[in-house]
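Please find below a colleague's note, set out as numbered points, to be read with the sequence and the model at hand.

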Amino acid sequence: MAFPMTMKHLVIGLCVGLTVWALPIPIDAAKRDQHLVDKFRQLGHELRDPNVYRNAAGAPGPQYWQQRADYKIEATLDEVARRVTAQQTITYTNNSPDTLPFLWVQLDQNRFRTDSLEQRSLTGGKDKTGYGDQLSFYTARRHQAMQGQTYGFDLTKVADGRDNKLSHTVVDTMMRVELPQPLKPGAKQTLRIDWAFNVVDEAAMGSRGGYEHFADSDTYIFFLAQWFPRMAVYSDYSGWQHKQFLGRGEFTLEFGDYDVSLTVPSDHIVSASGELQNPKDVLNAVQRERLALAQQSSKAVYIVTPEEARANEQQKARATKTWRFKADNVRDFAWASSRKFIWDAAVHKQQGGKYNEVLAMSFFPNEADPIWSQYSTEAVIHTMDVYSRFSFPYPYPTAQSVNTWERGGMEYPMITFNGYRPKAISEEEREGLVASAPEATYKRSIKHGLIGVIIHEIGHIYFPMTVNSDERRWTWMDEGINSFLQYVAEAEWEEDFHISYDQPSILDAIGGYMVSENQVPIMTQSDSVLQFGPNAYTKPAAALVVLRETVMGRELFDYAFKEHARRWKFKRPTPADFFRTMEDASAVDLDWFWRGWFYSTDHVDVDVMAIREYQVSSQDPDVEMSERRRLDALKTREPITQKRNREEGLQTRIDRVDGLRDFYNDNDQYTPSNKQRNDYQGFLKSLEPWEREVLQRAVAAGEYIYFVDFNNKGGLLTPLPVQLTFADGTEQRYDIPAEIWRRNSEQVTKLFIFPQRLSAIELDPDHQTADVDRSNNHFPRKIMPSRLQLFKYESETRDLMKEMLVELKGDEKTDTEGNAIPLQAPQ
């Protein structure tokens with residue numbers, strides 16, 4: 001289909017002796033012009049200046065440093081009291097150039113104290129209208145769970161390596177330890193801390209660790225995270241990172257070696273960061289044999305079978321066993337313990353890393369099967385396959401997936417807590433099913449949710465457990481980068497992987513958030529982020545998909561991204577280091593991209609406003625006047641009155657009366673004149689030889705010239721990938737880079753020249769720019785098909801008489817003395 005517009009002839013002319021009068025530019029116009037190019041301004045004050053610790057290329061500088069904290073912990077779990085008691089020793093090494101008069105220690109369990117900053121700053125809920133007050137079941141449950149129990153750390157000792165008491169001050173979730181002598185650069189300080197805390201009910205408190213109680217069997221899964229006093233970070237860019245823990249902004253920690261002994265009920269199975277040091281003390285001979293077999297098998301092998309786990313639930317042992325784990329060069333330590341655990345494992349083989357064989361393991365209750373046995377350990381291995389290709393070989397000897405709740409996930413070095421379980425079939429539901437029906441079924445969303453959360457949490461062992469970003473300050477650097485790689489890994493698991501929001505692509509899923517009013521830039525500090533999930537996870541992930549697939553291309557992006565991971569492995573990068581490395585390793589200027597996606601709330605919405613079609617005019621009146629007649633005939637329409645008169649056979653006066661015709665009735669505006677012919681000859685003589693040749697070739701070629709107007713309605717700069725369809729049905733792909741906006745960020749015109757006529761243009765045909773409105777991406781406009789459901793209006797007036805006739809389910813209604821109250825039908 002041709003464009004519904006008139007083709008024009010474009011005059012190629014020569015400007016000779018042109019005088020331009022310069023007038024003062026009004027201030028508002030100057031501001032406007034500055035605004036048009038501002039989005040391509042280089043990042044300046046937004047980034048920290050390069051220095052000896054972090055260079056201008058985005059790599060660690062020659063004097064880069066970071067602190068170190070080594071831990072030895074002996075902890076005991078009291079299952080009945082649901083309490084952990086421990087003694088720990090921290091050896092802190094000051095690698096900074098600064099002398100430290102005091103140290104800061106994180107006390108994350110203190111967030112559950114009733115007088116904590118988090119609890120005192122919680123806000124009341126609002127209903128859907130945003131105006132009415134609302135108390136949710138969750139909020140009421142959390143309030144009830146905090147009654148009658150004391151939470152937070154109970155500190156019984158804070159001393160140095162010789163057991164000399166150290167003066168200390170607890171400030172909410174932080175503790176300042178005053179040192180008798182300032183800690184000089186290169187020196188070490190030993191801290192001995194004895195402590196205990198009551199474990200919270202995770203489902204009631206919304207914590208990252210705690211316990212889950214299974215009422216039908218009166219059994220527990222304990223999963224302990226942020227469970228011990230941890231050294232706060234002291235860094236070159238912020239000094240002490242002691243911003244209080246309010247529950248959302250996660251963590252930045254120091255690397256070190258851990259030696260942890262965990263005393264638990266003797267029938268418990270324990271999963272923990274690191275490697276088990278004493279299998280003979282805690283595993284029976286059969287379990288040790290199976291574990292050895294798993295270390296040689298690429299397929300999962302049960303160390304504890306489902307049947308054994310079910311039988312184990314009945315034991316309720318009172319004796320204890322101590323499991324000892326060591327974890328080298330990690331930034332944290334977490335663990336899980338339960339008599340309910342099924343345990344399987346398989347080996348993942350890799351090359352080029354410290355560990356050529358990694359033991360992938362899963363721990364889960366029978367309630368999590370059948371999907372956990374089938375998918376968990378496989379998903380762990382798949383994650384290492386994909387992430388290692390984009391970064392570095394998996395850096396630790398084990399990778400573990402533990403089922404600790406029904407949904408969601410959390411990550412720690414070598415261990416992850418993951419949700420999603422199938423739905424058990426009740427006896428009532430089983431009626432009418434085939435005899436071979438399983439004990440539980442699951443939806444596709446549960447299957448993909450499980451695989452997705454395992455990929456995400458195991459992926460976090462790379463980012464930020466190894467590439468050690470500051471989660472509390474820049475959430476997107478771990479959640480966003482990791483969500484991007486999760487999306488890549490999911491696409492490599494199977495096609496049409498079910499992502500969030502039931503959208504086919506993350507770039508489609510982000511559209512609603514991008515146009516919402518209640519949002520803040522990605523670079524916002526974690527505790528102040530609005531719409532946390534889209535801001536910290538989906539939007540930065542979508543940005544990196546656009547960067548890889550549309551802006552840089554896979555080859556340049558993958559190389560630069562891997563270089564960033566390699567540079568900052570076991571180090572602490574900032575956003576500036578990531579931004580600079582991506583440019584340094586690719587030679588692609590991306591300041592406009594970071595500014596738009598990470599520092600603003602603009603969105604992508606580009607409108608293909610208009611297209612104008614031309615061919616080059618020869619300016620020869622004997623040729624052009626007849627062509628002008630043809631083009632004007634296409635453009636104009638005969639007046640309706642004149643048309644109807646002729647159709648009715650009505651003659652005009654000049655046709656009926658002699659003598660009224662004159663020169664103008666026989667010659668119209670399209671008749672070439674001698675003056676025009678002379679002007680044409682003069683024009684030819686004025687041309688330079690090369691200009692005449694250009695004109696002759698352009699006229700002879702008969703090419704079609706198009707000016708396409710693009711309007712940036714959303715404000716976010718973007719490349720413009722277009723699909724061009726020609727009159728003969730052939731198609732051509734053309735990628736316009738984002739640099740087209742560098743002089744005007746609001747509206748641009750693109751010039752195309754083709755040997756054949758264009759019939760249609762489509763912007764972003766592959767949905768690769770995150771454009772939120774596709775209805776304006778076509779020219780000519782395209783009708784977008786959809787489906788409409790018929791609506792039937794129903795009155796909301798209650799039929800109270802009918803409601804009273806409904807049979808009461810469950811327990812009978814009783815009066816205050818416990819006597820049954822008979823139901824009465826309305827009279």
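**Notes on strands, charges and rings**

1. Valine 402 has phenylalanine 417 of S26 as its bridge partner. The model under review is a predicted one. The pairing belongs to strand S24 (residues 398-403), which runs parallel to S26 and is joined to it by 4 bridges.

2. S26 also pairs with strand S25 (residues 409-412), here in the antiparallel sense and through 4 bridges. Within this pairing, tyrosine 412 is matched with isoleucine 415 of S26. The hairpin made by S25 and S26 has 2 residues between the strands, and in it methionine 414 adopts a positive phi near 70 degrees.

3. Which way do the side chains of strand S26 (residues 415-418) point? Ile415 and Phe417 are directed one way, Thr416 and Asn418 the other way, and all are buried. Phe417, the partner of valine 402, and Ile415, the partner of tyrosine 412, thus point one way from the strand.

4. Strand S16 (residues 256-265) deserves a separate point. Of its 10 residues, 9 are buried, so the strand is largely enclosed by the rest of the structure. Strand S2 (residues 68-78) pairs with S16 in the parallel sense over 6 bridges, and lysine 72 has aspartate 259 of S16 as its bridge partner. Strand S20 (residues 320-330) pairs with S16 in the antiparallel sense, over 9 bridges; there, valine 260 stands opposite phenylalanine 325 of S20.

5. Lysine 750 should be inspected individually. This residue lies in strand S33 (residues 747-754). Lysine 750 is buried but has no salt bridge, and the nearest side chain of opposite charge, that of glutamate 739, is 11 Å away. What does lysine 750 contact, leaving aside neighbours within four places in sequence? The contacts are Tyr706, Phe707, Val708, Phe710, Tyr734, Ile736 and Ile740.

6. Elsewhere, charged side chains do find partners: the structure holds 49 salt bridges. One of them joins arginine 567 to glutamate 563, with an N to O distance of 3.0 Å. The two residues are 4 apart in helix H15 (residues 554-567), and therefore separated by about one helical turn. Are these partners buried or exposed? Arginine 567 counts as buried, at 13% relative accessibility, and glutamate 563 is buried as well, at 14%.

7. Two further salt bridges have partly exposed partners. Arginine 113 and aspartate 115 meet at 3.1 Å, N to O; arginine 113 is partly exposed at 33% relative accessibility, and aspartate 115 is partly exposed at 41%. Arginine 661 and aspartate 655 form a salt bridge whose closest N and O atoms are 3.1 Å apart. Arginine 661 is partly exposed, with a relative accessible area of 46%, and aspartate 655 is likewise partly exposed, at 45%. In addition, Lys157, Asp163, Arg192 and Asp194 are joined into one network by salt bridges that share partners.

8. The structure holds 60 aromatic pairs. Among them is the edge-to-face pair of phenylalanine 223 and tryptophan 405, whose centres are 5.3 Å apart and whose planes are at 85 degrees. This pair links distant parts of the chain, since phenylalanine 223 is in strand S12 (residues 219-224) and tryptophan 405 is in the loop between S24 and S25, 182 residues apart. Phenylalanine 223 is buried, with a relative accessible area of 0%, and tryptophan 405 is buried at 8% relative accessibility.

9. Phenylalanine 663 and tyrosine 664 also form an edge-to-face aromatic pair, at 5.3 Å centre to centre and 85 degrees between the planes. Here the rings belong to exposed residues: phenylalanine 663 has a relative accessible area of 55%, and tyrosine 664 one of 65%.

10. Which charged residues lie over the face of an aromatic ring? Examples include arginine 230, placed over the face of phenylalanine 251 at 4.6 Å from the ring centre. Another is lysine 340, which lies over the face of phenylalanine 214 at 4.2 Å from the ring centre.

Note on methods
Residues numbered from 1 in each chain as written. Predicted model: local features only at pLDDT ≥ 70, side-chain atom pairs only at ≥ 80, totals over all residues. Heavy atoms only, no water. Buried < 20%, exposed > 50% of the residue type's maximum accessible area, 1.4 Å probe, protein only. Lys, Arg positive; Asp, Glu negative; His and termini not counted. Salt bridge = Lys/Arg side-chain N within 4 Å of Asp/Glu carboxyl O. Contact = heavy atoms within 4.5 Å. Pairing = 2+ DSSP bridges. Phe/Tyr/Trp six-rings, centres within 6.5 Å; stacked < 30°, edge-to-face > 60°. Lys NZ or Arg CZ within 6 Å of the ring centre and 35° of its normal.
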